[in-house]
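User: Could you take me through this protein model, so that I can follow the reasoning from one feature to the next?

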Amino acid sequence: MRLQAKYKWLPTPFRTILLFAVWLLLNNSISPGHLILGAVLAIVIPLSIAPFRKPQPLILRPGLAFKQLLIVLWDIITANVEVAIKILGPSKRLRPGFIKVPLDLKHDLPITMLASTVSLTPGTVSAEVYPIPESLPQGQEPEQRFLLIHVLDMGDEQELINSIKSRYEAPLKEIFQC
């Protein structure tokens with residue numbers, strides 16, 4: 001697995017370009033002063049925060065990432081309809097609960113993306129990732145990490161775990177190849 005490369009004067013080139021573009025858009029000007037100041041800020045800001053960043057895996061399959069985005073958007077739309085039907089129905093049909101999803105992902109960025117995807121989908125909210133590596137003795141990695149998820153209507157727990165792992169986690173593993 002490849003992690004983000006370290007460049008001496010341009011540690012995050014895409015962030016630099018984005019900062020430069022946002023600077024110009026916010027100022028609504030391409031005068032020489034704004035071009036120079038925007039370029040300086042776009043280089044200095046990423047350089048100054050680079051020591052505080054953890055290396056993250058690169059997106060190695062952007063086409064798959066776009067496909068996954070479309071899948072998540074579709075799931076959000078369909079889950080909204082399903083949740084509306086369940087909420088408008090008799091409340092005794094709702095069976096809220098928590099599930100522990102074992103994670104195969106190791107890096108923080110893909111895990112965060114998985115937790116965000118689960119939380120964006122109505123009817124589920126990611127509550128915690130544990131164990132937290134910072135809570136372990138220094139240098140020790142957790143044997144297994146879990147994502148704790150609250151579910152509005154708990155059906156078959158194993159089926160839901162398998163669905164999350166195959167529909168969201170597996171594509172993330174391919175996108176980041178981790």
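The questions and answers below concern a predicted model.

User: In what order do the elements of the protein chain run from the N terminus on?

Analyst: In this predicted model, the protein chain has 5 helices and 3 strands. Read from the N terminus on, these elements follow the order α-α-α-β-α-β-β-α.

User: Which strands pair with strand 3, and over how many bridges?

Analyst: Strand 3 covers residues 145-151, and 6 of its 7 residues are buried. Strand 2 (residues 124-130) pairs with strand 3 in the antiparallel sense over 6 bridges, with Val-125 standing opposite His-150. Strand 1 (residues 97-103) also runs antiparallel to strand 3, and there the bridge partner of Gly-97 is Val-151. The pairings of strand 3 are therefore, with two bridges as the least that counts as a pair, those with strand 2 over 6 bridges and with strand 1 over 7 bridges.

User: Which element gives the largest share of the largest nonpolar core?

Analyst: The largest nonpolar core has 21 residues, and those with the most contacts inside it are Ile-99, Val-101, Leu-114, Leu-147, Ile-149 and Ile-164. Two or more residues each come from helix 3, strand 1, helix 4 (108-120), strand 3 and helix 5 (157-176). The largest share, 6 residues, is given by helix 5.

User: Leaving aside neighbours within four places in sequence, which residues is Val-101 in contact with?

Analyst: Val-101 is among the residues with the most contacts inside the largest nonpolar core. With neighbours within four places in sequence set aside, the residues in contact with Val-101 are Arg-145, Phe-146, Leu-147, Ile-149, Ile-161, Ile-164 and Lys-165.

User: Is Leu-73 buried, partly exposed or exposed?

Analyst: Leu-73 lies in helix 3 (residues 62-88) and, together with Phe-66, Leu-69 and Leu-70, forms a nonpolar patch on the surface with about 380 Å² of accessible area. Nonpolar side chains tend to be buried together in soluble globular proteins. The relative accessible area of Leu-73, however, is 42%. Because buried requires under 20% and exposed over 50%, Leu-73 counts as partly exposed.

User: What percentage of the area that the protein chain exposes is supplied by carbon and sulfur atoms?

Analyst: Of the 178 residues of the protein chain, 29% count as buried. The chain exposes about 11600 Å², and the part of this area supplied by carbon and sulfur atoms is 66%.

User: Among contacts between residues at least 6 apart in sequence, what percentage join residues at least 24 apart?

Analyst: One contact of this kind joins Val-101 and Ile-164. Across the protein chain, among contacts between residues at least 6 apart, the share joining residues at least 24 apart is 76%.

Terms used. Residues are numbered from 1 along each chain as its sequence is written. This is a predicted model: local features need pLDDT of at least 70, side-chain atom pairs count only at pLDDT 80 or more; totals for chains, interfaces and linings use all residues. Side-chain values use heavy atoms; hydrogens and water are left out. Buried means under 20% relative accessible area, exposed over 50%, partly exposed in between (1.4 Å probe, protein chains only). Helices (H or I, at least four residues) and strands (E, at least two) are DSSP runs, numbered from the N terminus. Patches are made of residues with over 30% relative accessible area and no salt bridge: like charges are joined within 9 Å, nonpolar side chains (Val, Leu, Ile, Met, Phe, Trp, Tyr) within 5 Å. Accessible areas come from the Shrake-Rupley method with a 1.4 Å probe; for residues, only the protein chains shown count as cover. A salt bridge is a side-chain nitrogen of Lys or Arg within 4 Å of a carboxyl oxygen of Asp or Glu. Contact means heavy atoms within 4.5 Å. A nonpolar core is a set of buried Ala, Val, Leu, Ile, Met, Phe, Trp, Tyr and Cys residues joined through side-chain atoms within 4.5 Å.
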